Amino acid sequence: MISVLVTGGDGQLGHSLRQSLELFSDIRGTFMASDQLDITNFQALEDLLTGTSFDYCINCAAYTQVEESEKNPEMAFAVNATGVKNLALLCQQTGVILIHISTDYVFDGKKGEAYIPEDIPNPLNQYGKSKLRGEQYISEIMERFYIIRTSWLYSEFGNNFLKTMLKLEKKNEPVLVVSDQWGAPTYCGDVADFLWGIVVIDKSDFGTYHYCNGGRASWYDFASAIFRQLGSPVSVIPITSASLSSNVSRPKNSLLSTASTELVFNFRIPGWEESLLRELGKIVIKTQVRHS
């Protein structure tokens with residue numbers, strides 16, 4: 001039996017990992033919500049990791065509020081950098097393999113094609129800078145780790161773009177959506193299956209990889225596909241990111257190349273439209289049940 005600690009187990013990816021774990025009978029998962037385990041608390045982490053034998057730790061704990069990170073970078077760096085440093089030090093000490101979830105926001109979005117893991121990061125905002133510092137701590141401290149960068153996550157859990165669109169759809173009014181930022185909408189359930197796959201395969205090809213659903217879309221494309229698949233009459237109106245009232249710079253191009261991921265792990269990554277079509281009905285039903 002493989003023992004895995006999941007930090008940030010109350011987030012949308014943490015919930016998706018718990019749901020996906022039902023398919024993997026040879027893994028025992030210990031899920032710790034942020035209020036149960038604060039990764040910025042070194043002593044609490046040390047007590048857990050030295051008192052319990054884990055083979056892997058999947059770190060989903062993160063401060064993901066992009067706007068708030070700009071106003072309060074200390075909080076972002078405390079969780080996304082110092083907290084990750086704590087995990088790296090203790091996982092290295094106890095022989096635990098760390099799988100850390102990172103982001104497309106470590107890049108500046110100025111590249112004309114998809115980013116490969118070897119591209120030099122250049123984050124535009126405090127959130128991206130804090131996530132990059134966490135990555136750096138891991139690579140400086142650890143020998144056995146996977147850094148998995150992903151992008152544009154959505155699921156039936158937590159707050160995300162899809163759930164925002166589902167709420168707006170009920171108002172039956174036109175929706176304004178940015179059309180000049182590009183990436184790949186990524187279903188958390190697909191990411192979860194991949195992460196458990198890493199654990200089961202138990203390879204030693206450590207390093208940094210990218211995982212996102214295949215294809216390319218703008219936020220406008222994503223919104224349009226959601227309403228189209230719902231059969232909704234809601235119209236989507238494209239706008240530029242410059243028209244938004246935000247002081248945070250975001251990458252225009254968030255595309256991540258998954259070629260090395262698919263090659264190393266022999267893992268088929270579905271396209272974003274395929275996953276949305278497959279999961280949207282289930283997500284709508286679950287969301288309705290959860291709020292009934």
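Which residues is Thr208 in contact with, leaving aside its neighbours within four places in sequence? In this predicted model, the list runs to Pro117, Ile147 and Arg149. Thr208 itself sits in strand β10, which spans residues 207–210. With a relative accessibility of 24%, Thr208 counts as partly exposed, because buried is kept for values under 20%. Another residue worth placing against Thr208 is Ile116: the two are 92 residues apart in sequence, yet their C-alpha atoms are 9.6 Å apart in space.

Stepping back to the whole chain, the protein is built from 10 helices and 12 strands. Its radius of gyration is 19 Å, close to the 19 Å that the globule rule gives for 292 residues, so the protein is as compact as a globular protein of that length. Laid along the principal axes, the C-alpha atoms fill a box of roughly 55 × 40 × 35 Å. Of the 292 residues, 53% count as buried. Contacts over long stretches of sequence make up much of the picture: among those with a separation of 6 or more, 84% come from residues 24 or more positions apart.

As for the surface, the accessible area comes to about 13,100 Å², and carbon and sulfur atoms account for 50% of it. On the charge side, there are 25 positive and 33 negative side chains, and the centres of these two sets lie 4 Å apart.

Then there are the aromatic rings, with a count of 17 aromatic pairs. One of these joins Phe161 and Trp219, a tilted pair with 4.8 Å from centre to centre and 45° between the planes. Phe161 belongs to helix α6 (residues 161–169) and Trp219 to helix α8 (residues 219–230), so this pair ties together parts that are 58 residues apart in sequence. Both Phe161 and Trp219 are buried.

Trp219 also pairs with Phe222, again in a tilted arrangement, this time at 6.4 Å centre to centre with 40° between the planes. Here both partners lie in helix α8, 3 residues apart, or about one turn of the helix. Trp219 has a relative accessible area of 18% and is therefore buried, given that the cut-off is under 20%. Phe222 is buried too, with a relative accessible area of 0%.

Elsewhere in the sequence, one aromatic cluster takes in Tyr146, Phe194, Phe206, Tyr209, Tyr211, Phe265 and Phe267. Of these, Tyr209 falls within the residue range of strand β10, the strand that holds Thr208.

Key. Residues are numbered from 1 along each chain as its sequence is written. This is a predicted model: local features need pLDDT of at least 70, side-chain atom pairs count only at pLDDT 80 or more; totals for chains, interfaces and linings use all residues. Side-chain values use heavy atoms; hydrogens and water are left out. Helices (H or I, at least four residues) and strands (E, at least two) are DSSP runs, numbered from the N terminus. The radius of gyration is taken over C-alpha atoms; the globule rule is 2.2 Å times the number of residues to the power 0.38. Buried means under 20% relative accessible area, exposed over 50%, partly exposed in between (1.4 Å probe, protein chains only). Contact means heavy atoms within 4.5 Å. Accessible areas come from the Shrake-Rupley method with a 1.4 Å probe; for residues, only the protein chains shown count as cover. Lys and Arg count as positive and Asp and Glu as negative; His and the chain ends are not counted. The place of a charge is taken as NZ of Lys, CZ of Arg, CG of Asp or CD of Glu. Rings of Phe, Tyr and Trp (its six-membered ring) pair if their centres lie within 6.5 Å; planes under 30 degrees apart count as stacked, over 60 as edge-to-face and the rest as tilted.
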